[in-house]
Amino acid sequence: MELSKPSSVFAIQDHQSSSPPTPIWKTVVVASIAAGIQFGWALQLSLLTPYVQLLGIPHKWAAFIWLCGPISGMIVQPVVGYHSDRCTSRFGRRRPFIAAGAVLVAIAVFLIGYAADIGRVSGDPLHNTIKTRAVAVFVVGFWILDVANNMLQGPCRALLADLSGTSARRTRTANALYSFFMAVGNVLGYAAGSFSNLHKMFPFAKTQACDLYCANLKSCFFLSIALLLILTIIAFATVHETPLNRADIAVVEAGKPFYSQMMNAFRQLKRPMWVLLLVTCLNWIGWFPFLLFDTDWMGREVYGGTVGEGPRGRLYDLGVRMGSLGLMLNSVVLGLMSLGVEFLGRGVGGVKRLWGGVNFLLALCLALTVLVSKLAASWRHSLGGELHPPPIGIKAGALSLFAVMGVPLAITYSIPFALASIFCHSSGAGQGLSLGVLNLAIVVPQMMVSVASGPWDARFGGGNLPAFVVGAFAAALSGVLALTMLPAPPPDVPNTKDERTQPSS
């Protein structure tokens with residue numbers, strides 16, 4: 001693999017990451033913040049699409065709400081990554097951004113949870129189909145939440161890379177631990193989302209404008225705020241950064257504005273990073289249709305329900321809760337797989353083979369959603385119009401897909417980020433900016449899916465299956481490119497000082 005000489009844009013990271021890895025427990029503490037981040041993200045994935053439809057937004061337009069995340073991610077992560085590489089705060093480079101992100105998450109969650117109440121106080125009628133003011137408050141809160149999540153995730157992963165020093169193995173381990181704690185957060189979030197009586201812990205959550213479903217969502221968010229703040233405080237109390245000296249960045253600035261240096265960073269990317277961006281982009285085109293509409297798929301296609309009141313509305317709610325259970329199973333598998341990524345990579349002959357193989361598994365699972373949906377529709381047709389939940393076999397098939405997809409998800413949450421850190425470290429790149437660049441390969445597919453999935457599904461009669469089929473093709477192509485074009489990372493070079501001993505502080 002051709003390596004480039006570190007440029008002035010990236011010289012900071014080369015200076016900062018030359019130390020040996022820190023004790024593993026510090027990596028674990030920092031990685032645990034992912035559990036708090038992912039708790040809230042899991043609630044978004046499992047509960048917010050039905051919630052926005054309860055506020056009056058039609059299914060085909062609900063996808064546009066999810067544009068908030070990719071647009072903010074496209075701007076926030078590169079900007080935050082760039083400035084965190086250069087931050088000279090006495091608290092360190094990454095920690096100030098993590099703290100600001102945690103505070104913003106708390107503000108955003110309050111706005112989202114109380115959107116219906118604020119809308120009612122502002123003049124929304126109780127029985128309007130579309131609650132305009134509540135939707136406006138929700139969208140503002142959702143934008144803030146996605147900005148905050150991006151402020152948290154980028155610096156967290158960059159701090160893990162900093163703590164890993166020059167060790168490629170420790171970098172992969174750190175990202176695998178981050179993926180594991182994401183799974184822990186998922187399990188907590190999806191478990192909370194599957195409980196229908198959680199609002200009893202917070203009696204004040206249910207109001208005239210906020211029904212039981214809304215009150216449960218509020219209660220889940222209260223718990224997510226508490227978890228994130230506790231984990232962040234523990235990490236800040238136990239893991240410290242060495243402040244960056246202003247003299248170290250004098251050579252880097254050279255009078256160039258941020259976006260000029262950002263474009264220069266793209267021009268200096270070598271082939272391994274460009275291929276990684278392409279494979280990551282296709283991989284996430286495969287993932288996002290399912291991640292955005294998995295519980296909606298359970299409510300609509302598997303259970304045959306619709307959003308709203310009445311028997312079909314109750315079926316839809318049952319499907320959404322069963323989808324939350326499926327996501328919890330997915331997260332259990334995700335957590336177990338995350339702990340075995342390093343071992344599995346060695347077993348199959350390298351991480352690129354592992355990533356390519358599981359992308360084919362993702363494609364197969366997305367294709368099988370069509371089979372499960374058709375079996376459920378055929379069973380409902382045989383009932384002659386009676387409304388009942390699907391039989392145990394169909395539910396088991398749907399839940400099995402959720403669980404199996406935890407295997408490729410564990411790889412998606414760890415390997416691409418580890419490869420980005422390894423490739424960019426080899427060329428002298430700053431971890432914050434490099435991970436921000438990788439994030440562009442994630443948010444662009446999310447924007448594509450958010451914009452196109454609603455009209456695309458409507459063109460083929462509504463529902464979620466058309467987008468799932470496109471995702472299956474994208475995942476298969478991602479697997480092909482990972483196996484044929486993605487360079488293997490440089491081999492680990494054992495170093496007694498770096499790998500076998502660790503500093504005591």
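# Exercises on helices, salt bridges and a patch

Because Arg300 and Asp296 lie four residues apart in helix H13 (residues 271–302), about one helical turn separates them. A helix here is a DSSP run of H or I with at least four residues, numbered from the N terminus. The model is predicted, so local features need pLDDT of at least 70 and side-chain atom pairs pLDDT 80 or more, while totals for chains, interfaces and linings use all residues. Residues are numbered from 1 along each chain as its sequence is written, and side-chain values use heavy atoms, without hydrogens and water.

**Exercise 1.** Describe the contact between Arg300 and Asp296, and state how accessible each residue is.

Step 1. Arg300 and Asp296 form a salt bridge (a side-chain nitrogen of Lys or Arg within 4 Å of a carboxyl oxygen of Asp or Glu). Their closest N and O atoms are 3.0 Å apart.

Step 2. Buried means under 20% relative accessible area, exposed over 50%, and partly exposed in between (1.4 Å probe, protein chains only). Arg300 has a relative accessible area of 21%, so Arg300 is partly exposed. Asp296 is at 0% and therefore buried.

**Exercise 2.** Find how far Glu342 and Arg346 are from each other along helix H15 and in space.

Step 1. Glu342 and Arg346 are four residues apart in H15 (residues 341–348), which means about one helical turn between them.

Step 2. The closest N and O atoms of this salt bridge are 3.7 Å apart.

Step 3. Arg346 has a relative accessible area of 55%, so Arg346 counts as exposed.

**Exercise 3.** Locate the two ends of the salt bridge between Arg93 and Asp162.

Step 1. In this pair the closest N and O atoms are 3.3 Å apart. Arg93 is in the loop between H5 and helix H6 (95–113), whereas Asp162 is in helix H8 (residues 132–164); the two are 69 residues apart, and the pair links distant parts of the chain.

Step 2. Arg93 and Asp162 are both buried.

Step 3. Arg94 joins Arg93 and Asp162 in a network of salt bridges. The whole structure has six salt bridges.

**Exercise 4.** Classify how H16 packs against H21, and how H14 packs against H17.

Step 1. Two packed helices are described by the angle between their axes and the distance between the axes. Each axis is a line fitted to C-alpha atoms over the stretch in contact, and angles run from 0 to 180 degrees between N-to-C directions.

Step 2. H16 (residues 351–382) and H21 (residues 465–484) pack at about 160°, with axes 8 Å apart. H16 and H21 are therefore roughly antiparallel (an angle over 145 degrees). The crossing of H16 and H21 is left-handed.

Step 3. H14 (residues 310–339) and H17 (residues 392–404) have axes that come within 7 Å and cross at roughly 40°. H14 is therefore oblique to H17 (not under 35, not 65 to 115 and not over 145 degrees). The crossing of H14 and H17 is right-handed.

**Exercise 5.** Place Val444 and Ile442 in the structure.

Step 1. Val444 lies in helix H20. With a relative accessible area of 33%, Val444 is partly exposed.

Step 2. Met74, Ile75, Val444 and Met448 make a nonpolar surface patch of about 320 Å² (nonpolar side chains joined within 5 Å, each residue with over 30% relative accessible area and no salt bridge). Helix H5 (68–86) and helix H20 (431–459) each give two or more residues to the patch.

Step 3. Ile442 is also found in H20, and at 10% relative accessibility Ile442 is buried. Ile442 and Trp284 are 158 residues apart in sequence, yet 6.1 Å apart in space, C-alpha to C-alpha.

Notes:
Patches are made of residues with over 30% relative accessible area and no salt bridge: like charges are joined within 9 Å, nonpolar side chains (Val, Leu, Ile, Met, Phe, Trp, Tyr) within 5 Å. Accessible areas come from the Shrake-Rupley method with a 1.4 Å probe; for residues, only the protein chains shown count as cover. A crossing is left-handed if the near helix is turned anticlockwise from the far one by less than a right angle, and right-handed if clockwise.
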